[in-house]
Amino acid sequence: CLVMPYWLRVCCNCYCLSLSSCCILVADCSCDEIAERDNFVCHICSDLVDMSLPRTSGLGATVDHVIPLSKGGSDEPDNLRLAHWACNVRKGSKVYG
């Protein structure tokens with residue numbers, strides 16, 4: 001996974017493109033680590049995330065900001081959770097939970 005500085009996040013939209021090519025905004029956390037920490041389960045719908053699917057398949061992996069950046073959330077690992085692309089898009093900038 002690439003570690004992207006905050007100012008570059010616009011180019012990748014903060015979403016994992018796939019397990020092998022994704023953008024994470026914090027230096028000490030990777031997509032792999034977030035997926036493993038979250039037991040490969042989408043934090044929104046609680047179903048398993050197939051990490052081999054491309055992001056835009058709907059069931060592909062993304063990294064969601066639990067508290068969106070637009071609502072004062074951060075790029076810290078405790079604010080990042082694994083989510084399906086479709087779940088993440090549906091959630092948008094709402095605060096989950």
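Okay, let's start with a cysteine: C42 counts as buried, because its relative accessibility is just 1%. Keep in mind that this is a predicted model.

So what about a bond to another cysteine? C42 is in no disulfide, and the nearest cysteine sulfur, the one on C45, sits 3.8 Å away. A disulfide needs the two sulfurs within 2.5 Å, so this pair doesn't qualify. From the other side, C45 has no disulfide either, with the sulfur of C42 as its nearest, at 3.8 Å. C45 comes out as partly exposed, because its relative accessibility is 30%. The disulfide count for the model is 0.

Now to the charged side chains. How many salt bridges are there? The count comes to 2.

One of them joins R37 and D38, with 2.9 Å between the closest N and O atoms. Is R37 buried or partly exposed? At 36% relative accessibility, R37 is partly exposed. D38, on the other hand, is at 14%, so that one counts as buried.

Then there's K91 with D64, where the closest N and O atoms are 3.1 Å apart. Where do these two sit along the chain? K91 belongs to helix α3, residues 85-91, and D64 to strand β3, residues 61-65. They're 27 residues apart, so to speak a link between distant parts of the chain. K91 counts as buried because its relative accessible area is 6%. D64 is buried as well, at 3% relative accessibility.

So, on your screens, have a look at C42 and C45, then at R37 with D38, and finally at K91 with D64.

How values were computed
Residues are numbered from 1 along each chain as its sequence is written. This is a predicted model: local features need pLDDT of at least 70, side-chain atom pairs count only at pLDDT 80 or more; totals for chains, interfaces and linings use all residues. Side-chain values use heavy atoms; hydrogens and water are left out. Buried means under 20% relative accessible area, exposed over 50%, partly exposed in between (1.4 Å probe, protein chains only). A salt bridge is a side-chain nitrogen of Lys or Arg within 4 Å of a carboxyl oxygen of Asp or Glu. Helices (H or I, at least four residues) and strands (E, at least two) are DSSP runs, numbered from the N terminus.
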